[in-house]
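Me: I'd like to learn how to read a protein model feature by feature. Can you walk me through this one?

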Amino acid sequence: MLQGKHIVLGITGSIAAYKAAYLLRLLVKKGAEVQVVMTPAAKEFITPVTLSPLSGKPVVSEFFAANDGQWHSHVDLGLWADAMLIAPATAASIGKMAHGVADNMLITTYLSMKAPVFVSPAMDLDMYKHPSTQANLKLLQSYGNHIIEPGFGELASGLEGKGRMEEPEAIVEYLEQYFAQVAEMSGKRVLITAGPTYEKIDPVRFIGNYSSGKMAYALAGECARRGAEVCLISGPVQLETPAGNIQRIDIESADEMYEACMKEFPTCDVGILCAAVADFKPICVADQKIKRGAEDLCIQLTPNQDIAAALGRIKTADQKLIGFALETHNEMSNAQNKLQKKNLDAIVLNSLQDKGAGFRHDTNKVSIISATETLDYPLKHKQEVARDIVDYLLNNLHLN
Ligand code: CTP
């Protein structure tokens, strides 16, 4: 999986830097081409003389070479790499990465990186536990970086706890698994609906809901990361389209989402219906702003199309459909009813009763329900939930 891959190995100033030489050796043995980038502090722990013969390339540490002024381009490195691995990553470098403090070659390279970034923290247990380190790691994760959890054990301080850089063999395995997953959905086209819909009342007002689109966008990013072509049909959200092969179609109303889905679904292998579609729309849309009056105002509503049910009706034997159900009560039976009524292959249930689940949060707690099983997952970051859902699609629904 690592054969021919271009990897930027970033090394920061931790005692665990000594393990980086072995890590580099393992990566090269697996066939990867590795460019080492060190912070000035890292050079206090291990010298470039050890690392450059192992990688077969001069180590980069400064913005330009002191002897001849040759510029080291962090931008070129960002374009060259298939992955950047920062191991060991100190609390200081993690903090700089989280806040964009680009004061050395490693951080500028990180900020220029187009490829996925893997961070392997190494520090003393109290530094690792500190709320600022944890908040910085969460930030890095929310930017789509992969954190390779440190291990538990004896630390350089003599203390025992969590903070040891993961072992080089395990880091290499993590990368191999990542690249194996990248190929899993290649050749597949996935339709994902996202966000709320806005149903117009008059030129300045609408009926909407609190959906942020975060779960759907995490799913779009995850499917693209695994090699799928994604068609993201999105209601109004404040989110950037994730990296990868994602065609985004912006819509506003449920009718527009319905039209787009009916057009795109026949050429898709999977539909993941994450949008919080408004169930009703006003029968009449005022063409001028409705003015304040003394009387009560009634807006008569009519049901929107059920997009999931419509796709469930035209679904072929080779296509898979996954829906979502956000419930406040009778969660399980409501979700099971929807699974059946809409002819879905699975439904992802989240309950508003669970803290940290549902709209607007960065986290979610879900159960995935099919006709034959129910799997319960703990509270996780939405990116990890997206990984679980895609794993489920591949392993349990046997997308072929
Ligand atoms: N859905 C849809 N079109 C709609 C309503 C819902 O495609 N008009 C999809 C959602 O994207 C979700 C699933 O159907 O995947 C369940 O949505 P939910 O709002 O929970 O279900 P409803 O059928 O609208 O039921 P209710 O709101 O009454 O609970």
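Reply: Sure. Let's start with what counts as a strand: a DSSP run of E, at least two residues long, numbered from the N terminus. With that in hand, look at I147, which lies in strand β5, residues 146-147. Keep in mind that this is a predicted model.

Me: Is I147 buried or exposed?

Reply: The general idea is a cut-off on relative accessible area: under 20% is buried, over 50% is exposed. I147 has a relative accessible area of 13%, so it is buried. Leaving aside neighbours within four places in sequence, I147 is in contact with V119, P121, L137, L140, Q141 and Y174. You can also pick a residue from elsewhere in the chain: I11 is 136 residues apart from I147 along the chain, and their C-alpha atoms are separated by 15 Å.

Me: Let's try a loop residue. Where is S61?

Reply: S61 sits in the loop between α2 (48-55) and α3 (74-80). Being in a loop doesn't settle burial here: S61 has a relative accessible area of 7%, so it counts as buried. Apart from neighbours within four places in sequence, S61 contacts M38, T39, P40, K43 and M105. Take T39 from that list: S61 and T39 are 22 residues apart along the chain, with their C-alpha atoms separated by 5.9 Å.

Me: Now the whole protein. How many helices and strands does the protein have?

Reply: There are 13 helices and 21 strands. The C-alpha atoms fill a box of roughly 80 × 50 × 40 Å along the principal axes. Of the 400 residues, 50% are buried. Among contacts between residues at least 6 apart in sequence, 67% join residues at least 24 apart. As for the surface, the protein exposes about 19200 Å², and carbon and sulfur atoms supply 51% of that.

Me: And the charges: how far apart are the mean positions of the positive and negative ones?

Reply: The mean positions of the 38 positive and 46 negative charges are 2 Å apart.

Me: How do I read a nonpolar core, and which residues touch the most other members of the largest one?

Reply: Think of a core as buried nonpolar residues linked through side-chain atoms within 4.5 Å. The largest one here has 36 residues, and M185, I192, L219, C223, I272 and I389 touch the most other members. Several elements each supply at least two residues of this core, including β8 (189-194), β11 (229-234), β17 (346-351) and α13 (382-395). Helix α9 gives the largest share, eight residues. For a close-up, try L219: not counting residues up to four places away in sequence, L219 touches I192, I272, C274, F324, A386, I389 and V390. There is also a second, separate core of 32 residues, which includes L9, A21, L23 and L51.

Me: How many disulfides does a search of the whole structure find?

Reply: Zero. The test is distance: two cysteine sulfur atoms have to be within 2.5 Å. C223 is in no disulfide, and the nearest cysteine sulfur, that of C274, is 10 Å away. C223 is also buried, with a relative accessible area of 0%. For C261, the closest cysteine sulfur is in C231, at 7.8 Å, which is too far for a bond. C261 is likewise buried, with a relative accessible area of 0%.

Me: How many residues of helix α11 are buried?

Reply: Six of the eight residues in α11 (307-314) are buried, so by the burial cut-off the helix is mostly covered. The buried ones are I307, A308, A309, A310, L311 and G312. They pack against α10 (254-264), β13 and β16.

Me: What about the backbone? Which residues does a cis peptide bond join?

Reply: Check omega for that. A87 and P88 are joined by a cis peptide bond, with omega about 0°. P88 is found in strand β3, residues 83-89.

Me: And phi?

Reply: Look for a positive phi at a residue that is not a glycine. N330 has one, at about 40°, and N330 is placed in the loop between β16 and α12 (331-341). H398 has a positive phi too, about 50°, and is not a glycine either. You'll find H398 in the segment after α13.

Me: Is H398 buried or exposed?

Reply: Exposed: H398 has 51% relative accessibility, and the cut-off for exposed is over 50%.

Notes. Residues numbered from 1 in each chain as written. Predicted model: local features only at pLDDT ≥ 70, side-chain atom pairs only at ≥ 80, totals over all residues. Heavy atoms only, no water. Buried < 20%, exposed > 50% of the residue type's maximum accessible area, 1.4 Å probe, protein only. Helix = DSSP H or I, 4+ residues; strand = E, 2+ residues; numbered from the N terminus. Contact = heavy atoms within 4.5 Å. Areas by Shrake-Rupley, 256 points an atom, 1.4 Å probe, with all protein chains shown as cover. Lys, Arg positive; Asp, Glu negative; His and termini not counted. Charge placed at Lys NZ, Arg CZ, Asp CG, Glu CD.
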